[in-house]
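Me: I'm new to reading protein structures. Can we go through this one step by step?

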Amino acid sequence: MNADSGENLFVLLVEDDRDLAEVTQAALQHEGLHVAVAYDGREGLEMADRLHPQVIVTDLVMPVVDGLELIKRLGERPPPRSPVVAVSAVGSRLRAARELGAAEVLLKPVDPLDLLHSVRKAARTVH
């Protein structure tokens, strides 16, 4: 696998806004990534356990289990852990995500190329 090219890179996208999730999934798939989508943090945790993605991209403000709790719970699991790219319109939440161990943080609205770069960068980190 070549993480730099995105070839065969498997990403779990956790985003409660279904329209945004669809657009983001399409943009990443257009760049050659394989993308599964969860629509809240609880579903994201279940899918992460089942699918073992190479990178998890999560929104931080979501119902059920929010992105910060998702990052916290993922960090409590034994290695190997999928690196997390946190995305939010709330800057203070991004700081909290970084403190909880997010590999990358991005402020919404996110340019698809910036997201792609962050996903590829995160894929190169070892957890």
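Me: How many of the residues of E4 are buried?
Reply: Strands like E4 are DSSP runs of E with at least two residues, helices are runs of H or I with at least four, and both are numbered from the N terminus. Buried means under 20% relative accessible area, exposed means over 50%, and partly exposed is in between (1.4 Å probe, protein chains only). E4 is mostly covered, and the number of its residues that are buried is five of five.

Me: Before we go on, what kind of model is this, and what is its mean pLDDT?
Reply: It's a predicted model, where local features need pLDDT of at least 70, side-chain atom pairs count only at pLDDT 80 or more, and totals for chains, interfaces and linings use all residues. Residues are numbered from 1 along each chain as its sequence is written, and side-chain values use heavy atoms, leaving out hydrogens and water. pLDDT is the predictor's confidence in each residue, from 0 to 100. Here 93% of the residues reach 70 or more, and the mean is 92.

Me: Where does pLDDT stay under 50?
Reply: Where pLDDT is low, the predicted coordinates should not be read in detail. The stretch in question has 16 contacts beyond four places in sequence in the model, a contact being heavy atoms within 4.5 Å. That stretch is residues 1-6.

Me: Back to E4: which residues point the other way from Val 84, Ala 86 and Ser 88?
Reply: In a regular strand the side chains alternate between the two faces of the sheet. In E4, Val 84, Ala 86 and Ser 88 point one way. Pointing the other way, and buried as well, are Val 85 and Val 87.

Me: In what order do the five strands form the open sheet?
Reply: Two strands pair if DSSP finds at least two bridges between them. The pairing in this sheet is parallel, and the order is E2-E1-E3-E4-E5. The edge strands, each pairing on one side only, are E2 (34-38) and E5 (104-107).

Me: Which residue stands opposite Val 85 in E5?
Reply: E4 and E5 pair in the parallel sense over four bridges. Four bridges also join E3 to E4, where Val 85 is the bridge partner of Val 57. In E5, the residue opposite Val 85 is Glu 104.

Me: Which helix makes a right-handed β-α-β unit with E4 and E5?
Reply: A crossover is right-handed if, with the strands pointing away from the viewer, the path from the first strand over the helix to the second runs clockwise. The chain crosses from E3 to E4 that way too, through helix H3 (residues 67-75). For E4 and E5, the helix is H4.

Me: Is Thr 58 buried or exposed?
Reply: Thr 58 sits in strand E3. Its contacts, not counting residues up to four places away in sequence, include Val 14, Leu 70 and Val 85. Its relative accessible area is 1%, so Thr 58 is buried.

Me: And what is the relative accessible area of Ser 118?
Reply: Ser 118 is in helix H5. Leaving out residues up to four places away in sequence, Ser 118 touches Val 85, Glu 104 and Leu 106. Ser 118 counts as buried because its relative accessible area is 4%.
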